[in-house]
Amino acid sequence: MAQHDYINKKPKGKGKDKPEKSAKFPVIAAIFAFLLIGGFAYGLWFIKTNANPKEVEQAKNPHPVAEQKVSKPKPRPPEFIEEIKNHEIKVEVKEIESKGPYQMQCGSFRTHSQAEAMKAKVAFAGLIAEIRRTEGSNGVWYRVRLGPYDTKRLAESDKNKLQRVGIFGCGIWGWT
C-alpha cells in the first residue's frame, strides 16, 4: 500500500482565486510626516527671523541683579502662644452609669464531660471558666461561664480572644 505525505502537501484550491497583495509604500503617512516636519522647520525659521534683537542680546548677556540687604526683625513668639500657656480649660465630666457586672456564657451542655471539654478549650485560650449546674423545667444543664466583668468592654475583649482560637457563640449578659 502506498504511503502519502500529508505534512508537506499543500492544500488544493484555497486562495488561488485571489492575487497576493504586494506591500505598498504608505503614501498618506509619508505626506503627513513631510508636512509635520516642514511645519516644524517653518516655525523655527519664523521665530529666528522675527525675534527682537534687544531681547536676544539681553538673554545672551544677563545683567547681574544687585542684591539688597533686608534687615530682619528679631523673632518674637506670637501672642497666641502666651495666651495658650496661661489659659485654663474647664471640662465637665459626666459619669457613665454602670449597668452592673457582666458575665459571659460559652456553652450549655447536657453532660458534665461536654462542659469540661469546653472549659479546657477556654483554658487553652488563657482564660478561667467555671461550670455551673442548673436544674430547669427541661432537665439538668451544665453551663460554662466566665466572669464577672466590671465593664462590657472587658467581656468583649475576652470574647475576641476566644474567637481567635476558634470558640464562637459566647454570649454576654448582666450578672445574675
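**Exercise 1. Check the length of helix 5 in this predicted model.** Which span should its 13 residues have, and how far apart are its end C-alpha atoms?

*Solution.*
- Helix 5 covers residues 152–164, which makes 13 residues.
- At 1.5 Å a residue, the expected span is 18 Å, because the rule multiplies 1.5 Å by one less than the number of residues.
- The end C-alpha atoms lie 19 Å apart, which agrees.

**Exercise 2. Find the buried side of helix 5.** Which residues of helix 5 are buried, and what do they pack against?

*Solution.*
- Take buried as under 20% relative accessible area.
- Ala 155, Asp 158, Lys 159 and Leu 162 are the buried residues of helix 5.
- They cover an arc of only 105° around the axis, so they sit on the same side of helix 5.
- The general rule fits here: an α-helix has 3.6 residues a turn, so residues three or four places apart point the same way.
- The partners of this buried set are strand 1 (102–109), helix 4 (112–124), strand 3 (139–149) and strand 4 (171–174).
- The face turned away from the buried side carries exposed Arg 153 and Arg 164.

**Exercise 3. Leave helix 5 and trace the disulfide.** Which residues does the disulfide join, and are they buried or exposed?

*Solution.*
- Gly 166 follows helix 5, with a positive phi near 100°.
- Count sulfur pairs within 2.5 Å. The result is one disulfide.
- Cys 106 is joined to Cys 170, with S to S at 2.2 Å.
- Cys 106 lies in strand 1 and Cys 170 in the loop between helix 5 and strand 4, so the pair ties together parts 64 residues apart in sequence.
- The link of Cys 106 and Cys 170 is right-handed, with 115° about the S-S bond.
- Both Cys 106 and Cys 170 are buried.

Key. Residues are numbered from 1 along each chain as its sequence is written. This is a predicted model: local features need pLDDT of at least 70, side-chain atom pairs count only at pLDDT 80 or more; totals for chains, interfaces and linings use all residues. Side-chain values use heavy atoms; hydrogens and water are left out. Helices (H or I, at least four residues) and strands (E, at least two) are DSSP runs, numbered from the N terminus. Buried means under 20% relative accessible area, exposed over 50%, partly exposed in between (1.4 Å probe, protein chains only). The arc is that of the directions from the helix axis to the C-beta atoms. Contact means heavy atoms within 4.5 Å.
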